[in-house]
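User: I am new to this structure and would be grateful for a close look at a single part of it. Please describe one sheet and its surroundings in a connected account.

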Amino acid sequence: MKRITREIDSGKPGKKVLVVAGVHGDEFEPVLAAKQLEQSLQGRLRNGQVELVAVANETAYAAGTRHGADGLDMARICPGDSTGKPTEVSAHLVSERIRNCDFLIDMHTGGLAYDIFPMVGYLLHPDAEVLERQRDVAKASGLPLIWGTDHRPDGRTLSVARDGGIPALYFEYGGGSGFRKEVMDSYQQAVVNILVHLGMMEEAHAANRRHHMYWVEDHRTDSGHFQVKIPSPIDGIFVASVSVGEHVAVGQQIGEVFNPFTGTYRAVNADSNGVVHFLRVMVKVNKGDALGGIIPAAVGRKEVFHD
């Protein structure tokens with residue numbers, strides 16, 4: 001990991017911000033955003049340090065898949081094991097860095113399978129002070145959707161931060177098989193906006209600090225678990241009839257699945273009113289695969305949900 005970790009040091013005391021990319025090997029824009037930040041932050045920090053991990057899971061990156069060569073998902077096994085399988089070792093190394101930072105930013109996309117509306121997320125931390133710091137910094141990022149979710153899931157980079165009382169955010173945006181420059185650029189600017197907000201860079205470097213469009217805090221169990229949203233009713237080919245960011249009504253058809261062997265078509269409907277948060281873009285699906293998610297959000301209003 002040493003060769004893909006870079007530290008930008010202002011030479012003055014201050015916070016240490018850890019920026020992580022490449023937890024999943026099929027998410028490429030965050031990797032390039034980290035490399036761009038390595039160049040753009042040189043000589044610009046007023047105080048503190050920024051540590052950049054461009055490829056957190058090297059075997060997953062080598063395979064171009066969500067999982068490492070050992071079949072493990074790094075986002076489910078943190079804090080890992082220093083003597084374990086390759087993905088467990090990678091999780092351990094990143095977790096050690098998390099425990100030694102003052103703020104964590106973990107950058108993701110939808111990988112090859114999903115397209116995601118641009119968002120910044122955090123766990124609804126049980127410590128009120130940590131939670132408020134996460135909210136405050138999320139607002140400063142400039143990303144249009146703020147999403148706070150159930151704090152209880154383990155195995156994540158954010159759960160390592162949670163257990164250490166360290167404020168943490170994650171980014172999600174885009175996905176699919178192509179490269180999206182707008183994702184890389186948005187992530188680079190969001191990190192800069194956060195560093196400006198934390199007093200680590202001059203205000204002149206901030207841009208696009210528009211007010212967020214949507215803000216949802218969902219305390220319900222597993223509210224942040226993408227993989228259980230709107231499961232496919234059958235095996236087949238999924239064709240969406242809506243786009244990410246579109247407003248839909250409960251029961252509205254958002255696509256259909258066609259099984260070429262049985263000739264069966266099955267409609268896929270929105271399970272709530274709100275904004276299309278993400279959609280499946282890898283069109284071959286198995287029964288039970290998540291096809292998308294609707295986030296119950298309204299423009300300009302904070303929504304809060306409980307069990």
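Analyst: The account below begins with the whole protein, turns to one open sheet and a loop residue beside it in the chain, and ends with salt bridges.

The model is a predicted one. The protein contains six helices and 16 strands. Its radius of gyration is 19 Å, close to the 19 Å that the globule rule gives for 307 residues, so the protein is as compact as a globular protein of that length. Along the principal axes, the C-alpha trace spans about 65 × 45 × 35 Å. Of the 307 residues, 53% are buried. Where contacts join residues at least 6 apart in sequence, 72% of them link residues at least 24 apart. The exposed surface comes to about 13,000 Å², and carbon and sulfur atoms supply 50% of that area.

The part chosen for closer study is an open sheet of four strands, arranged in the order E12-E11-E9-E14 with antiparallel pairing. Strand E12 (264–269) and strand E14 (284–285) stand at the edges; each has a single partner strand, so one side of each is left without a neighbour in the sheet. In general, strands of a sheet pair through backbone hydrogen bonds, either parallel or antiparallel.

Two of the pairings can be followed in detail. Strand E9 (residues 236–240) pairs with strand E11 (residues 253–259) in the antiparallel sense, over four bridges. In this pairing Val 239 is placed opposite Glu 256 of E11. E11 also pairs with E12 in the antiparallel sense, here over six bridges, and Gln 253 lies opposite Asn 269 in E12. E11 and E12 form a hairpin with four residues between them. Gly 263, in the turn of this hairpin, has a positive phi of about 75 degrees.

From the edge strand E14, the chain may be followed to Leu 291, which lies in the loop between E14 and strand E15 (292–295). Leu 291 has a relative accessibility of 0%, and therefore counts as buried. Leaving aside residues up to four places away in sequence, Leu 291 touches a set of residues that includes Phe 238, Val 257, Val 268 and Val 285. Phe 238 falls within the range given for E9, Val 257 within that of E11, and Val 268 and Val 285 within those of E12 and E14. Other contacts of Leu 291 include Pro 231, Pro 233, Phe 278 and Arg 280. By contrast, the C-alpha atoms of Leu 291 and Asp 218 are separated by 20 Å, with their positions 73 residues apart along the chain.

Arg 280, one of the residues touched by Leu 291, also forms a salt bridge with Asp 289, in which the closest N and O atoms are 3.8 Å apart. Arg 280 is buried, with a relative accessible area of 10%, whereas Asp 289 is partly exposed at 22%. Side chains of opposite charge can pair when their charged atoms come close.

The count for the protein is 19 salt bridges. One of them joins Asp 163 and Arg 162, with closest N and O atoms 2.9 Å apart; Asp 163 is exposed at 60% relative accessibility, while Arg 162 is buried at 11%. Another joins Arg 99 and Glu 96 at 2.7 Å. Arg 99 and Glu 96 are three residues apart in helix H3 (residues 86–99), and are therefore separated by about one helical turn.

Key:
Residues numbered from 1 in each chain as written. Predicted model: local features only at pLDDT ≥ 70, side-chain atom pairs only at ≥ 80, totals over all residues. Heavy atoms only, no water. Salt bridge = Lys/Arg side-chain N within 4 Å of Asp/Glu carboxyl O. Helix = DSSP H or I, 4+ residues; strand = E, 2+ residues; numbered from the N terminus. Buried < 20%, exposed > 50% of the residue type's maximum accessible area, 1.4 Å probe, protein only. Pairing = 2+ DSSP bridges. Contact = heavy atoms within 4.5 Å. Rg over C-alpha atoms; globule rule 2.2 N^0.38 Å. Areas by Shrake-Rupley, 256 points an atom, 1.4 Å probe, with all protein chains shown as cover.
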